[in-house]
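Here is a guided look at one chain and its ligand. Keep the structure open beside you as you read, and start at the ligand.

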Amino acid sequence: LPASGDAIRQRFLDFYAARGHKILPSASLVPEDPTVLLTIAGMLQFKPIFLGKVPREVPRAATSQRCIRTNDIENVGRTSRHQTFFEMLGNFSFGDYFKQDAIKWAWELSTLEFGLPADRLWISVYKDDDEAFAIWHNEVGVPAHRIKKLGEDDNFWTSGATGPCGPCSEIYYDFHPERGLSDVDLGDDARFIEFYNLVFMQYNKTEDGSLEPLKQKNIDTGLGLERMARILQNVENNYETDLIFPIIEKASNLANVSYTLADESKKTNLKIIGDHMRAIVYLISDGVFPSNIGRGYVVRRLIRRAIRTGRLLGIKGDGVGNLEGAFLPILAEEVINLSTNIDPDVKTRASRILVELKREELRFVLTLERGEKLLEQLLTDALSIAQENGTLPCLSGKDAFLLYDTYGFPVEITTEVADERGVSIDMNSFEVEMENQRRQSQAAHNTVKLAVEDGAELTENIPDTEFLGYDTLSTKAVVEG
Ligand code: ATP
Ligand code: MG
Ligand code: MG
Ligand code: MG
């Protein structure tokens, strides 16, 4: 059943509309919630209702929420299922229906509406949630061996140290049932994909850590649109779905490479561009402009990573002949073309988005070119020192790191250029420098959780953070003061 991404989104919303849900628009990527940097889940716009701070307007709602999860940036292109930008389909109950309906509808949607074979579906429940286990097993009829009991880390949602919380239950699709029933690991990306997460908000966690039942029980769910599209379109990964692939095709045209024939590293780079371009366009459309702090830093980092990745793939200038030109706007146009059913506002903001991208790219390319000059100088020096000492020419890890960190110079490019001149790079000391930086940025993160699994992201107590280099990949969270 090859359903388009647009059709899947619509069918999800229609399915829940037919079951009494009010269809509401996606909220902005810039959340109203001041404790959160970016919108990471569909529930965020309803958090005040779930917390009992504002009364509900309707008992049930469903949305398709655009989300950004920068904590998944290292997974992009490397796992088959993670993007930084994705759409989360969600159905919500505000003190209305609970576990039984949520489970039955999720199953009906998956098997009848989307036609997934029941024997390919695996379930996870929280280890102590006997009620959920019983509904899946006795009422839905899922055999016990396909229901996995998982612990707190995976299957218990909290929104903080105290307050509403509860167990989750997830649905996974099995791409390789022939691999058998022993040693099954639902986290195995090559075999399974988690596509639907149901959160049963049924407790209030009190100061002393005990769980008391909530009077008003809520349902919060998330179904990854690209993941469902990946399953139904029968492609290898989320990037090859019709929601993302046209951007990748455009990038491969500009780079003059064929995605199908490309090796794994080129493929990964094309996927990174496909993902980052969407994140960039939707962030700017929601008013997040490149800067050195907060959300602006997130978008700047994504932009620079996309440019760098494009250069690694061999895209020069605008990719279509103008060496002084910019290629991000060309890719952004593709994203904008695909945006109609994701966010109709994007098209009205197109020219602003394109202008901003062009300016940011041209500016960054100047820095990169300064780096090229510096590299040239460093190589000349290395060669003459080697000649004087009768040693082999080598560039220090410190210099390679300076190029990387300050001039945005990927070490792959440094290596390639150096190679052409017969200069090697001290990769061991480069790795040491990288590790130092990683450790430093991690130390800065210890108080910061950009994304709490399955829930809200709390970014209280985060100081302004300077732009520390152009590409620290870890989940640096920075908020505007
Ligand atoms: P995973 O374990 O695969 O990282 P998750 O448990 O972190 O997923 P949830 O927080 O439960 O994800 O979000 C609900 C749903 O949103 C997931 O079941 C999945 O379908 C989708 N989703 C989550 N993160 C991503 C992502 N980075 N890219 C695409 N879809 C995602
Ligand atoms: Mg998970
Ligand atoms: Mg989950
Ligand atoms: Mg995750």
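## Around the ligand

In this predicted model, ligand 1 is surrounded by 18 residues. The ones that come nearest are D72, F86, N197, G222 and G224.

Which elements supply the shell? At least two residues each come from β3 (85-94), β8 (192-205), β9 (211-224) and α6 (225-232). Of the contributors, β8 gives the most, with 4 residues. By class, the shell around ligand 1 holds 8 charged residues, together with 5 polar and 5 nonpolar ones.

## Where α1 meets α6

Helix α6, one of the elements in the ligand shell, also packs against another helix, and it is worth turning the view to see this pair. A packed pair of helices can be described by how far apart the two axes lie and by the angle between them. For α1 (residues 5-17) and α6, the axes come within 9 Å and cross at roughly 115°. The crossing of these two helices is right-handed.

Which residues make the contact? On the α1 side they are G5, I8 and R9, and these meet L225, M228, A229 and L232 of α6. Sorted by class, the residues of this contact are 5 nonpolar, 1 polar and 1 charged.

## Two domains

Now step back to the chain as a whole. The domain assignment divides it into domain 1, residues 5-236, and domain 2, residues 244-445. Taken over C-alpha atoms, the centres of the two domains are separated by 34 Å.

How many residues are in contact across the two domains? Domain 1 puts 19 residues in contact with 19 residues of domain 2. On the domain 1 side, the elements that give two or more residues are α1, β2 (60-68) and β3. That side is made up of 7 nonpolar, 6 polar and 6 charged residues. Two of these elements have appeared above: β3 supplies residues to the shell around ligand 1, and α1 crosses α6.

## The chain overall

The secondary structure of the chain amounts to 15 helices and 11 strands. Its radius of gyration is 24 Å, close to the 23 Å that the globule rule gives for 481 residues, so the chain is as compact as a globular protein of that length.

For a sense of its dimensions on your screen, the C-alpha trace spans about 80 × 50 × 50 Å along its principal axes.

Technical notes: Residues numbered from 1 in each chain as written. Chains lettered and ligands numbered in written order. Predicted model: local features only at pLDDT ≥ 70, side-chain atom pairs only at ≥ 80, totals over all residues. Near = placed C-beta within 6 Å. Nonpolar A, V, L, I, M, F, W, Y, C, P; charged D, E, K, R; others polar. Axes fitted to C-alpha atoms, helices over the stretch in contact; angles between N-to-C directions. Left-handed = near helix turned anticlockwise from the far one by under 90°. Contact = placed C-beta atoms within 7 Å. Domains from an automatic or database assignment. Rg over C-alpha atoms; globule rule 2.2 N^0.38 Å.
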